[in-house]
Structures are given as C-alpha cells and as structure tokens.
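Welcome! Please take a moment to look over the sequence and the model before reading on.

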Amino acid sequence: MSAFSGYDRALRRGGLDRRGFGKLTAMLGAGAAIGAMLPGMARAQGEPKKGGTVAIGATGGATTDTLNPLLATASIHQLTSFMWGNCLVEYGTDGSAVPELAESWEPSPDAKTWRFNLRKGVTFHDGKELDAEDVIWTLNQSRGEDSQSGAAGIMTQVKDLRADGKHVVVVELEEGNADLPYLMTDYHLVIMQKDSDPASGIGTGGYKITEFDPGVRIFGERNENYFKTGRANLDSVEIVGIADPAARTAALQTGQIQIMERVDPKTVDLLSKMPGVTIHRAAGGGHYSMVMRCDTAPFDNNDFRLGLKYAANREDILAKILRGLGRVGNDQPIPVTDPFFATDLPQRTYDPDKAKFHMKKAGYGGEKIPFSTSDAPFAGAVDAAVLYQQHAAAAGINIDVIREPADGYWNDVWMKKPFCFTFWGGRPTADMMMSIAYHSKAAWNESYWFRPEFDKLLVQARAELDRPKRAQMYAELQRMINEDGGELIPMFNDFVDATTAGVQNFELTPQLGLCGMRAPERVWLDG
Amino acid sequence: MADLWRLIGKRLLLGLLTLFAVSVLVFIGTELLPGDLAEVILGQSATPEAVAAIRAKLNLGDPAIVRYWRWFSGVLVGDFGNSLASGRPIVTVLLPRLQATLFLAATAAVIAVPLAIGLGLLSALWRDRTFDKTTSAATLAAISMPEFFIGYLLVYVFAVQLGWFPAISRISPSAGFGQKLWAIALPALTLTLVTTGHMMRMTRAAVVQVLSAPYIEMAELKGTPRRAIIFRHALPNAIGPIANVVVLNLAFLVVGVILVEVVFVYPGMGQLMVDAVSKRDIPLIQACAIVFAITYVGLNMLADIVSILANPRLRHPR
C-alpha cells in the first residue's frame with residue numbers, strides 16, 4: 001500500500017501533472033498510436049537520401065522556452081530535444097523499445113535491478129565521448145525533491161543509480177517494473193554531458209542547434225559524426241512555432257513548411273485533396289470519459305452504471321464531435337495501440353433495451369440525472385453531452401446537462417460532482433494509466449472505484465517479466481474496469497499530421513505525433 | 001514662445017507622473033494576484049522547501065515598498081530583471097520583440113495614416129458624392145470585420161491563390177530590408193485595413209464640421225478657391241481631433257495586434273505578453289505593461305502637444 005502511494009505520488013509529480021498533461025496531450029494529439037493510415041498514404045520508399053532542408057510547423061512554442069529538456073512540455077520542445085539529443089531507449093515505430101544510446105539492457109528476475117549497456121564510441125557535439133557518468137548525471141537531474149524535471153515523477157521509483165565500468169549503468173528500483181525501458185524513452189531524459197548547462201543544447205543528436213529563437217524558430221544543421229546510419233539525412237532542419245491551425249495550413253499550402261503538426265479535423269478533408277499533400281493519421285491514447293462516482297448513490301449501483309453505459313451511441317459521438325478522427329471507446333482506458341490492449345473484450349454498443357433493463361433493475365424511475373460538463377476538459381464536451389442526452393432519452397433515461405464554468409472546472413467539478421466529463425492524455429504504458437486513475441489509492445481515482453483485487457493484480461502485473469502472462473493480467477484488469485468501473489469512455493482521439501510532396505519516411509509511431517517527435521532525424525527528401 | 005515651452009514641459013511632467021502611477025499600479029496588480037508569487041511560479045508541484053527557496057531568491061519577505069523601489073530603480077536604468085520562465089535578462093527577450101512590433105507598426109502607419117487623411121479630406125471635399133459614399137462603405141466594411149478574418153482573407157487571396165506574398169511572416173535574421181518588407185506585407189496590409197476606416201472617418205467628420213463654421217462661409221463668399229479653403233482654413237483647425245484619432249490608432253498598432261501576430265506567426269510584443277501571462281512570468285508581464293504604458297502615454301502626449309500647437313486658443317488658456 002505504502003509502496004503504491006509512493007508510485008502514485010511519483011506519477012502525480014512533475015510533468016505528469018494531470019491537467020497539464022491532459023491539456024498538452026490533447027493539444028499534441030499525443031499518446032500511443034499505431035500507423036493506421038488513410039488510404040493512399042505514401043509509405044517510406046527507397047533508401048535514405050542525404051541533403052536538403054525541411055521546415056516543420058509545430059505547436060506549443062512560447063517566448064519563455066529554453067533548450068533545457070527537463071522543462072520540456074510542448075511538442076516544439078520535444079522536437080528540439082530530439083534534434084540535439086538522444087535517450088537511452090527509443091520508442092520504435094511498432095511500439096517496441098529500440099536501443100538508442102543503450103545498445104542493450106537486462107533486468108533482474110524481479111525486474112528491480114536493470115543493467116543498461118551503453119553504446120561505445122558515441123560523441124557529444126563538442127567531441128567528448130559519452131560514458132556512464134554522463135548518463136547517471138543526466139538521470140540524477142530528474143531525481144530529488146527539488147528537481148524541476150518533468151520526469152521527476154517517474155524517477156522517484158529509482159532507488160539507486162551506479163556505473164559498472166565506463167559503459168554500464170545499473171538502475172535499481174524501489175519496486176519491480178517491467179516497463180523501465182519504456183520510461184527511459186521519456187523526452188525529459190535526453191542524455192546530457194556531465195556537469196553541463198542543461199540549456200546548452202549540446203548532446204549526441206543528429207543535428208546541432210545553430211539558432212534558437214524561443215517559440216519562434218529553431219534551426220539545426222546536421223551532425224556529421226552522428227552515430228546512427230541512415231538517420232539525420234537533411235542538411236538542416238527548421239522548426240517554426242505556429243499556434244494557429246489556419247496559419248499552419250496556409251504555411252503548408254504555400255510551401256513555407258513541409259511538415260505540419262496537428263491538422264484541424266474540420267479541414268482535413270479539404271487538405272487531403274490538395275496535390276502533393278499527404279495526411280498522416282494515427283490512433284492515440286487520449287480519451288474522453290464520462291465519470292460516475294461509484295461511492296455516491298445512485299452511481300454506486302453497477303446496474304445503474306451499466307444502464308448509462310449502454311445508453312451511449314459511441315459511433316455517433318465520434319462522428320459528430322471528432323469528425324471520425326478517433327476510435328470508439330470500450331469503457332476502459334487502454335487504447336487499441338497498446339500491446340496489452342484486450343482484444344477479446346467485447347465492444348459495448350448502443351442498446352437502449354439493455355440500458356432500460358439495467359436501469360429498471362437499479363430501480364430508476366425516470367428522475368433527472370445531472371451530468372456536469374464544460375469545454376474545459378475538451379472542445380466539444382458540451383456538444384457531446386447533449387448528444388448523449390438524446391441517445392439516453394431513447395432508453396427512457398433523463399439526462400440533465402449542466403454546463404459548468406470552464407474556469408475552475410478541475411477544482412470545483414472534476415472529482416466533486418457525481419457525474420461529469422473528463423479528458424485523459426494517453427500514457428506510454430498500460431501500467432501508468434491504470435495506476436494513476438484506477439488504483440484505490442490513486443489520488444486521481446476520479447470514479448472513486450475501490451477494488452482490492454484490482455489493486456493487487458495491477459502491482460503484480462507491473463513486475464511480471466513474462467509477456468504472455470502479463471498480457472493476460474492486463475486483459476483481466478481491463479475487463480474489471482469495463483464491466484464494473486465508473487467510467488463511460490465513448491471515444492479515443494487520433495492525431496493527424498500532414499506533409500508535402502517529397503517528404504519520405506514520415507512514419508507515425510505509437511507514441512507522440514510527428515514520428516514520435518523524431519521527424520527531423522527520420523525523414524529525407526526525394527522527389 | 002516661452003509660454004509654449006512651459007506648456008510642453010508641463011505636459012511632459014504630467015506624462016512622467018502618469019507613468020509613475022502606472023508603474024505603481026502594475027506592481028500592485030502583480031501583488032494582488034491570488035496566492036503567493038512563489039507558489040504561483042511553482043504551480044501544483046510546489047513543495048514547502050521549494051517555495052521557501054523561491055521566496056528567499058526573490059526577497060519576497062521584504063515589505064512591498066522596499067521591493068517596489070528595488071524594481072522601480074532597476075526599471076529607471078533599463079534593468080527589468082530576469083525572466084522567471086527562461087532565466088534570461090528581460091531586456092534581451094523584449095528588445096527584438098519590440099523592434100519587430102515597431103517595424104510592423106511603422107510600416108502599417110506609413111501606409112495607413114496618409115491614406116486615411118487623404119481619403120478623409122477628399123470625402124469631406126466631395127461630401128455626399130459617389131466617391132464619399134464608396135469610401136465610407138469600403139472603410140466601414142473593413143473595420144467591421146475582425147482583423148483575424150481580414151488576415152485570413154488576405155492570406156487566401158495573396159498567398160494561397162496568387163502566391164505574391166508569404167502566408168506566415170517568417171523573418172530570418174539575415175534578411176535584408178526589402179525581404180523584411182515583403183515578409184510583413186500581408187500583416188501590414190491587414191493593419192492598414194483595420195485602422196484606415198477609423199482615422200478616415202474622423203478626418204472627414206472634423207473637416208466637415210469646420211467647413212460649416214461661419215468663417216468658412218465668409219471665405220467662400222469672398223471667393224476663396226475650394227482647395228485653399230480646405231488646406232489653409234479648414235485642415236489646420238481640424239488637426240486637433242485628427243491627431244488624437246491618429247495617435248489612438250498608432251497606439252493600437254503597437255499594443256493591440258496580438259490576433260494579427262497569431263495569424264501571421266509574427267514574433268511581436270503581443271505574443272510575448274500572452275506567453276508571459278500564461279507562464280506567470282511576472283517580471284516579463286511588468287516589463288511589457290510598462291512598455292505599453294510608455295507607448296500610450298508618449299503618443300497621447302504627442303497628440304496633446306500637436307493640438308496645442310495647432311490651436312492658439314489652447315496655447316493661451318484663460
């Protein structure tokens with residue numbers, strides 16, 4: 001129990017602050033994703049070609065930005081960090097953990113102690129060779145009470161860091177965690193030189209930052225000594241901060257940028273008809289949820305919750321609110337892109353008769369059910385609530401949509417009102433998502449759903465190294481949430497990027513947009 | 001003449017006094033922010049130790065008046081302190097943005113002011129004729145549309161369809177003057193359209209009003225040509241109100257163009273202030289507020305002085 005609350009606190013702290021993360025990932029369309037592409041999309045072709053320059057229009061830049069990766073939040077910062085630096089582990093296009101600065105790793109049988117073997121002969125931009133001390137110094141920047149790092153939360157599970165020779169880093173955890181390599185892909189954990197200024201922008205990455213105008217323009221030139229082959233193919237990369245979606249679209253149309261982050265769902269059809277423009281679309285882990293407080297009547301009755309769940313026409317909400325750019329949800333928070341997604345869990349569908357049956361069993365007599373919403377959790381939450389009201393009315397359920405003020409929504413409505421809308425950005429692993437919002441002790445257990453058997457299995461699954469076994473455990477956890485939980489999750493959102501003709505090898509990854517924010521080093525120009 | 005200098009001196013002093021009052025208000029405003037500044041900076045992740053550290057670093061324990069004086073004396077010598085979010089000196093953050101904003105504002109003003117005054121005079125001269133009505137309709141239509149909408153229209157026509165100008169105003173540091181002008185063509189045009197209507201109509205109204213005065217009738221009766229009536233007799237007497245509205249629009253060009261900056265991705269002061277507010281970068285907010293206040297107070301003072309110069313009655317108040 002106490003170990004768990006430590007972990008939960010860990011997730012809460014730092015960059016995983018719920019509101020910030022939710023808003024941010026909503027903005028980025030981040031989260032897990034598999035390259036589920038639109039028809040006609042060009043896949044990577046041929047061999048990497050060197051040369052040329054590309055401008056990327058990205059969101060989230062501000063005058064107050066620095067190059068310090070520990071403080072990174074928005075996509076511009078992530079893109080920039082991955083231009084000049086690398087992590088120990090890279091998030092692969094297929095969702096696997098790919099060796100980066102660590103060429104391999106092995107856990108102890110209890111997943112408590114991990115050895116990361118560093119790649120040899122990797123040099124920083126200033127010529128210094130990377131060794132274990134640099135890695136330990138970097139990771140230590142995200143540890144300790146006063147660390148400002150966005151990864152401080154996940155790093156509190158680290159008990160000890162030590163070098164074993166020049167090229168081995170040993171990480172000892174408080175509790176077993178089979179996901180540690182995935183946590184090392186975090187963009188806050190870009191490896192820096194020991195005792196360097198974190199805002200220097202000097203790393204091992206494929207581009208050297210030659211110009212940094214915060215929030216406006218970041219310019220990088222190829223690092224000729226880059227340790228990866230076939231990566232960092234462009235002579236130079238420019239990142240332009242463009243917050244306004246219409247301005248981003250116009251810049252792409254007029255050729256001022258070649259890669260555009262976050263296409264506006266309203267214009268995606270028009271943009272896809274433009275000659276040369278390719279739309280890239282991928283599922284994300286960000287999801288919308290209608291939360292019922294399981295400790296408050298009448299939501300403490302599972303039949304009542306099931307009735308409300310069957311009363312939602314998910315396809316309709318997805319089509320009208322996200323214009324189809326998403327996937328229907330199944331009342332559990334793990335996205336289809338997650339390796340531990342429970343494929344055999346039946347999809348819950350709109351069924352007014354079943355809804356009526358459960359509501360009757362729960363003793364519902366047509367009273368008004370207040371449902372709090374606002375555009376604070378996401379743009380369109382009020383419209384989605386009204387749509388749901390219509391769906392539910394067909395089952396004789398009387399939903400009273402209450403529009404709450406957006407200001408203070410997270411303080412006064414969320415986790416206070418018995419039935420309200422919420423949004424979650426995706427988390428890199430199933431364990432993180434469930435630990436942060438479904439464990440009994442989780443501070444953000446927004447549905448007040450307390451199930452000791454769930455908690456026990458969750459902690460077991462975290463330390464389980466046998467994958468099939470682990471998958472089974474996560475499937476069971478998802479089933480529990482789906483059948484008994486207090487969350488009505490109608491849909492997950494996609495994220496959508498666009499490129500112009502000639503940009504090759506733009507492949508979305510299951511984590512973050514713009515090729516896992518690594519587009520600068522992955523793409524090349526051809527044709 | 002000595003009277004005149006005394007008057008101008010008085011205005012300057014009043015202006016400085018206003019600025020001083022503004023600086024106090026800006027400081028009080030940030031004092032009034034809910035919560036402790038240190039907690040505001042740290043946000044949700046605030047631990048008591050971190051809050052104490054920040055409080056000590058910012059000398060928040062000192063009385064407000066001491067802190068005000070420390071800040072104000074810095075401002076007097078152009079030292080606004082360091083940005084809380086990035087740690088860089090505010091002057092280095094602010095100056096390039098101010099330059100960019102002034103460049104855009106000046107370009108727009110150079111087009112808009114002569115255009116507006118010219119159109120206003122002609123409209124007054126040809127009052128109620130087709131020219132007057134067309135200009136009125138066109139400029140009214142332009143100011144009735146929100147500036148971001150005008151911006152999008154211009155982008156659609158001149159960038160996307162015709163390809164004459166860039167859609168976003170990206171200026172690389174090595175760009176020459178001509179390239180810079182080309183880059184900001186569309187935002188400058190947008191601002192011109194947004195401000196011309198106001199200034200033009202004010203000019204027209206002021207001149208029309210003067211034209212109905214008895215001494216103009218006298219001039220007409222004695223056979224003075226229409227042109228001379230307008231330029232020698234009417235315009236000088238209309239300068240006061242015109243100067244005021246021109247200045248109001250100039251101030252708008254400096255402090256109120258955030259939407260245009262967003263549409264054209266132009267790195268100006270508006271975006272800087274919005275970023276500062278969203279990041280709770282208090283010293284940067286204060287610096288922006290002071291710069292905007294100087295702009296407003298300075299320009300208004302200019303308008304006052306111009307009106308005084310143009311109107312002998314104001315020069316010799318009784």
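What follows is a short tour of this predicted model, from a whole chain down to single residues.

## Chain B as a whole

Let us begin with chain B, which has 15 helices and zero strands. Its C-alpha trace spans about 85 × 60 × 35 Å along the principal axes. Of the 318 residues in chain B, 43% are buried. The accessible surface of this chain comes to about 16,500 Å², and carbon and sulfur atoms account for 69% of that surface.

How far apart in sequence are the residues that meet in chain B? Counting contacts between residues at least 6 apart in sequence, 70% join residues at least 24 apart. As for charge, chain B carries 25 positive and 16 negative side chains, and the centres of the two sets are 11 Å apart.

## A buried asparagine in chain B

Helix α11 of chain B covers residues 226-255, and B:N249 sits in it. Is B:N249 buried or exposed? Its relative accessible area is 7%, so B:N249 counts as buried. The side chain of B:N249 makes a polar contact of 3.2 Å with the side chain of B:H198. Setting aside neighbours within four places in sequence, B:N249 is in contact with B:T195, B:H198 and B:M199.

## Two nonpolar cores

Which residues touch the most other members of the largest nonpolar core? This core has 64 residues, and the ones with the most partners inside it are A:L308, A:I369, A:Y388, A:I397, A:F419 and A:F421. The element that gives the most to this core is helix α12 of chain A (residues 381-393), with six residues.

A:I369 is a good place to look at the packing. Beyond residues up to four places away in sequence, A:I369 touches a set of residues that includes A:F299, A:F304, A:L308, A:M359 and A:Y364. Further on in the sequence, A:I397, A:N398, A:I399, A:D400 and A:F419 are also touched by A:I369. A second core, separate from this one, has 47 residues, among them B:A124, B:M200, B:I229 and B:L235.

## An enclosed helix and two buried strand residues

Now for helix α3 of chain A, residues 75-84. This helix is largely enclosed by the rest of the structure, because 10 of its 10 residues are buried. Among them are A:S75, A:H77, A:Q78, A:L79 and A:W84.

One of these residues, A:L79, is also among the contacts of A:I56. A:I56 lies in strand β1 of chain A (residues 53-58), and at 1% relative accessibility it counts as buried. Besides A:L79, the contacts of A:I56 outside its sequence neighbourhood of four places include A:V237, A:I239, A:I257, A:L514 and A:P520. A:I56 and A:P214 are 158 residues apart in sequence, with their C-alpha atoms 15 Å apart in space.

Another strand residue to find is A:A498, in strand β17 of chain A (residues 487-499). A:A498 is buried, with a relative accessibility of 0%. Leaving out neighbours within four places in sequence, A:A498 has contacts that include A:L252, A:I259, A:V263, A:L271 and A:H280. From A:A498 to A:Y288 there are 210 residues in sequence and 24 Å in space, C-alpha to C-alpha.

## Backbone details in the loops

Most residues other than glycine have a negative phi, and most peptide bonds are trans. With that in mind, here are two residues with a positive phi.

| Residue | Phi | Loop | Relative accessibility |
|---|---|---|---|
| A:R262 | near 55 degrees | between β11 (259-260) and α8 (268-272) of chain A | 31%, partly exposed |
| B:D128 | near 65 degrees | between α5 (90-125) and α6 (130-144) of chain B | 54%, exposed |

Where is A:P298 placed in chain A? A:P298 is in the loop between β12 (278-292) and α9 (302-310). The peptide bond leading from A:A297 to A:P298 is cis, with omega near 0 degrees.

Key. Residues numbered from 1 in each chain as written. Chains lettered and ligands numbered in written order. Predicted model: local features only at pLDDT ≥ 70, side-chain atom pairs only at ≥ 80, totals over all residues. Heavy atoms only, no water. Helix = DSSP H or I, 4+ residues; strand = E, 2+ residues; numbered from the N terminus. Buried < 20%, exposed > 50% of the residue type's maximum accessible area, 1.4 Å probe, protein only. Contact = heavy atoms within 4.5 Å. Areas by Shrake-Rupley, 256 points an atom, 1.4 Å probe, with all protein chains shown as cover. Lys, Arg positive; Asp, Glu negative; His and termini not counted. Charge placed at Lys NZ, Arg CZ, Asp CG, Glu CD. Polar contact = N/O pair within 3.5 Å; in protein donor to acceptor, adjacent residues only side chain to side chain. Core = buried A, V, L, I, M, F, W, Y, C linked by side-chain atoms within 4.5 Å.
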